[in-house]
Amino acid sequence: MKIEELINKHYNQLNETDLHILKYILNNKSECHKLGINSLAEKCNVSRSSILRLAQKLGFSGYSEFRVFLKWQEQEGGNSDKSQVEILRNDILETLKYIKKKDFSEICKLIHHAQRIFIYGTGTAQLDCAFELQRMFLAVQKYLHVIQAQTELEMVIKDLTLNDLVIIISFSGDTPTIFPAVQSLVAKGIPFISVTNLKNNHLARMTPFNLYANSSSNELSDDTKLNTFASFFIIGEMLFSHYVDYLKQLQNEEKNGEQP
């Protein structure tokens with residue numbers, strides 16, 4: 001699990017001081033794992049106990065364990081000296097590592113019990129991913145309705161009930177134009193699944209049902225930024241594969257229940 005995912009997971013427990021410290025850490029990743037607790041506290045202009053409390057809120061036993069985690073994160077990252085092929089390969093491998101540890105059971109249960117499922121992508125590539133999910137789920141008689149425009153999303157939300165499910169695919173998770181619609185989902189209690197890049201983002205913090213794809217940027221010679229996206233399709237196919245296994249498990253449980 002990366003630090004961005006930890007922040008999303010524990011965001012509701014974090015106060016302003018915690019977020020101030022994390023902002024410094026995220027902006028100085030290459031430096032922070034080298035700092036002792038007193039040095040980091042001085043850099044952030046906070047107390048030593050504030051650093052310790054933050055580490056514990058994120059699930060670490062203490063600062064030493066948190067520091068080891070930061071060092072591991074730094075060793076895993078860094079694209080400046082990598083080719084585009086190496087960046088893509090690393091993103092795919094990191095996504096597969098995340099998938100291996102991810103429990104899909106709650107999300108599969110949501111999909112199984114939903115009367116209607118709507119899926120929305122915030123951009124062209126995200127919509128391609130949505131249509132691919134729609135195609136795959138046809139095989140198990142789950143019919144996903146792809147929403148192709150934000151105005152359509154806003155219209156659909158008015159008609160949603162607690163028995164419906166929405167899947168939102170967003171590269172950044174911080175597209176500001178969708179948040180009024182997402183806030184309506186939250187206010188109505190409509191469950192939704194976020195699929196975003198593995199980073200601290202607003203969309204992922206608004207729902208407990210998150211899926212992450214590891215996607216990196218690389219600058220070309222003309223300063224054009226190139227983002228990888230293959231990992232989003234891997235997440236989609238893995239979600240479908242987990243759902244197929246979930247259905248098999250349900251069938252096995254039903255058979256065992258029929259036995260005397």
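Me: So helices (H or I, at least four residues) and strands (E, at least two) are DSSP runs, counted off from the N terminus. Where is the place of Y11 in that scheme?

Reply: Y11 belongs to the loop that links α1 (3–10) to α2. Before we go on: this is a predicted model, where local features need pLDDT of at least 70 and side-chain atom pairs count only at pLDDT 80 or more, while totals for chains, interfaces and linings use all residues. Residues are numbered from 1 along each chain as its sequence is written, and side-chain values use heavy atoms, with hydrogens and water left out.

Me: Fine. Is Y11 buried or exposed, or in between?

Reply: The general scale first: buried is under 20% relative accessible area, exposed is over 50%, and partly exposed lies in between, using a 1.4 Å probe and protein chains only. With a relative accessibility of 26%, Y11 therefore counts as partly exposed.

Me: And which residues is Y11 in contact with, leaving aside neighbours within four places in sequence?

Reply: Contact means heavy atoms within 4.5 Å. On that basis Y11 touches L19 and R205, once neighbours within four places in sequence are set aside. You can also look at the backbone: the C-alpha atoms of Y11 and L58 are 9.1 Å apart, with their positions 47 residues apart along the chain.

Me: What about N214, which lies in a loop as well?

Reply: That loop runs between β5 (210–213) and β6 (217–219). N214 has a relative accessibility of 6%, so it counts as buried. Its contacts beyond four places in sequence are K2, D91, E94, T95, N197, L198, T228 and S231.

Me: Which loop residue has a positive phi although it is not a glycine?

Reply: One is N45, with a phi of about 60 degrees. You'll find N45 in the loop between α4 (37–44) and α5, and at 73% relative accessible area N45 is exposed. Q141 is another non-glycine with a positive phi, of about 55 degrees. Q141 sits in the loop between α9 (124–137) and β2 (144–147); its relative accessible area is 53%, so Q141 is exposed.

Me: Now helix packing. How do α4 and α5 pack?

Reply: The general idea: two packed helices are described by the angle between their axes and the distance between the axes. The axes are lines fitted to C-alpha atoms, for helices over the stretch in contact, and angles run from 0 to 180 degrees between N-to-C directions. For α4 and α5, the angle is about 105 degrees and the axes are 8 Å apart. That makes the two helices roughly perpendicular, given that 65 to 115 degrees counts as roughly perpendicular, under 35 as roughly parallel, over 145 as roughly antiparallel and the rest as oblique.

Me: Which residues meet in α4 and α5?

Reply: I37, N38, L40 and A41 of α4 meet R48, I51 and L52 of α5. To sort them, Ala, Val, Leu, Ile, Met, Phe, Trp, Tyr, Cys and Pro are nonpolar, Asp, Glu, Lys and Arg are charged, and the others, Gly among them, are polar. This contact has five nonpolar residues, one polar and one charged.

Me: How does α5 pack with α2?

Reply: Helix α2 (residues 16–27) and helix α5 (residues 48–57) cross at roughly 90 degrees, with axes coming within 10 Å. They are therefore roughly perpendicular to each other. T17, D18, I21 and L22 of α2 make the contact with S50, I51, L54 and K57 of α5. By class, that contact divides into four nonpolar, two polar and two charged residues.

Me: And how do α10 and α11 pack?

Reply: Helix α10 (residues 150–157) and helix α11 (residues 179–188) have axes 10 Å apart, at an angle of about 15 degrees. They are therefore roughly parallel. On the α10 side, L153, E154 and I157 take part, and on the α11 side A181, S184, L185 and K188.

Me: Last one: how many aromatic pairs are there?

Reply: The structure holds 11. Phe, Tyr and Trp rings (the six-membered ring for Trp) pair if their centres lie within 6.5 Å; planes under 30 degrees apart are stacked, over 60 edge-to-face, and the rest tilted. F60 and F69 have ring centres 5.1 Å apart and planes at 50 degrees, so this pair is tilted. F60 is buried at 11%, and F69 is buried at 12%. F229 and F233 are edge-to-face, at 5.8 Å and 75 degrees. F229 is buried at 15%, whereas F233 is partly exposed at 31%.
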